[in-house]
Amino acid sequence: MMKNLSVVLISGRENRHLKSPKQLLPFSADGAKTVLGRTLEVYLEAGASEVVLSLAHRGAEIQEALGTLDPRVKLHVAANSEATPGQQIRDGMAKISASSKAFAIGLTDQPLLSVELLNELCAKFEASSKKILVPVCQGSIGHPVFFRSALASAVSGLDPARELWDLIRDQSSE
């Protein structure tokens, strides 16, 4: 993985179909690993310099369930449990290190993401001169999305009325 890569993982919007947060659903056969635990494990094993968890709906419950975290993991629980994904991104971006050369934005519920795929995406991004790398699989946009640090202020200062995808579209025309 790239050196000095920060990762912001957002919890997204509330899922009203489940009794517990999807991030806390068991992922391993023995139930010892959760969806979020596995997702975090992949980013840390791949060598992320830091991972910021930006949580909204039921964030305090998720925080409590996480217990002791790896020192590379930072946590932000939104004061407003209805925080939009855009606000979660802004909150997470406020916690990344200024020394980051690049950052990625992903989701807290990607347990099928592998270390190998993450490293492959990082290698493609590092080899490219592009400011943004958006993974695409079978025509669908995926996560995580990688950004050069030059875009940190644009992402952090994104107008609440705009989505991150608006910024990505704007940058793709440059």
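**View 1. Surroundings of Gln110, in the loop between β4 and α4.** Helices and strands here are DSSP runs (H or I with at least four residues for helices, E with at least two for strands), numbered from the N terminus. This is a predicted model, in which local features need pLDDT of at least 70, side-chain atom pairs count only at pLDDT 80 or more, and totals for chains, interfaces and linings use all residues. Residues are numbered from 1 along each chain as its sequence is written, and side-chain values use heavy atoms, with hydrogens and water left out. With a relative accessible area of 17%, Gln110 is buried; buried means under 20% relative accessible area, exposed over 50%, and partly exposed in between, for a 1.4 Å probe and protein chains only. Leaving aside residues up to four places away in sequence, Gln110 touches Thr39, Tyr43, His143 and Pro144, where contact means heavy atoms within 4.5 Å.

**View 2. Helix α1, residues 35-46, and the elements around it.** The end C-alpha atoms of α1 are 17 Å apart, in agreement with the 16 Å that its 12 residues should span at 1.5 Å a residue; the expected span is 1.5 Å times one less than the number of residues. Of the 12 residues of α1, 9 are buried, so the helix is largely enclosed by the rest of the structure. These buried residues are Val35, Leu36, Arg38, Thr39, Leu40, Val42, Tyr43, Leu44 and Ala46. They pack against the strands β1 (5-10), β2 (50-55), β3 (73-77) and β4 (102-107), and against the helices α2 (59-66) and α4 (115-127). Just after α1, Gly47 takes a positive phi of about 100°.

**View 3. Salt bridge between Arg38 and Glu41 in α1.** A salt bridge is a side-chain nitrogen of Lys or Arg within 4 Å of a carboxyl oxygen of Asp or Glu. The structure holds 5 salt bridges. In this one, the side chains of Arg38 and Glu41 meet at 2.5 Å, N to O. Both residues lie in helix α1, 3 residues apart, about one turn of the helix. An α-helix has 3.6 residues a turn, so residues three or four places apart point the same way. Arg38 is among the buried residues of α1, whereas Glu41 is partly exposed, with a relative accessible area of 22%. A network of salt bridges links Lys33, Arg38 and Glu41.

**View 4. Salt bridges Glu50 to Lys74 and Asp70 to Arg72.** The closest N and O atoms of Glu50 and Lys74 are 2.8 Å apart. This pair links distant parts of the chain, with Glu50 in strand β2 and Lys74 in strand β3, 24 residues apart. Glu50 is buried at a relative accessible area of 5%, while Lys74 is partly exposed at 30%. The side chains of Asp70 and Arg72 meet at 3.1 Å, N to O. Asp70 counts as partly exposed at 28% relative accessibility, and Arg72 counts as partly exposed at 30%.

**View 5. Aromatic pairs involving strand β8, residues 145-148.** Rings of Phe, Tyr and Trp (its six-membered ring) pair if their centres lie within 6.5 Å; planes under 30 degrees apart count as stacked, over 60 as edge-to-face and the rest as tilted. By this rule the count comes to 2 aromatic pairs. The rings of Phe103 and Phe147 are stacked, with centres 5.0 Å apart and planes at 10°. Phe103 lies in strand β4 and Phe147 in strand β8, so the pair ties together parts 44 residues apart in sequence. Phe103 is buried at 1% relative accessibility, and Phe147 is buried at 0%. The pair of Phe125 and Phe146 is tilted, at 5.7 Å centre to centre and 35° between the planes. With Phe125 in helix α4 and Phe146 in strand β8, this pair ties together parts 21 residues apart in sequence. Phe125 is buried, with a relative accessible area of 0%, and Phe146 counts as buried at 0%.

**View 6. Arg148 over the ring of Phe125.** The charged end of Arg148 sits 3.9 Å from the ring centre of Phe125. A charge sits over a ring if NZ of Lys or CZ of Arg is within 6 Å of the ring centre and within 35 degrees of the ring normal.

**View 7. Cys122 and Cys137, with no disulfide between them.** The structure holds 0 disulfides, a disulfide being a pair of cysteine sulfur atoms within 2.5 Å. Cys122 is in no disulfide, and the nearest cysteine sulfur, that of Cys137, is 17 Å away, too far for a bond. Cys122 counts as buried at 1% relative accessibility, whereas Cys137 counts as exposed at 52%.
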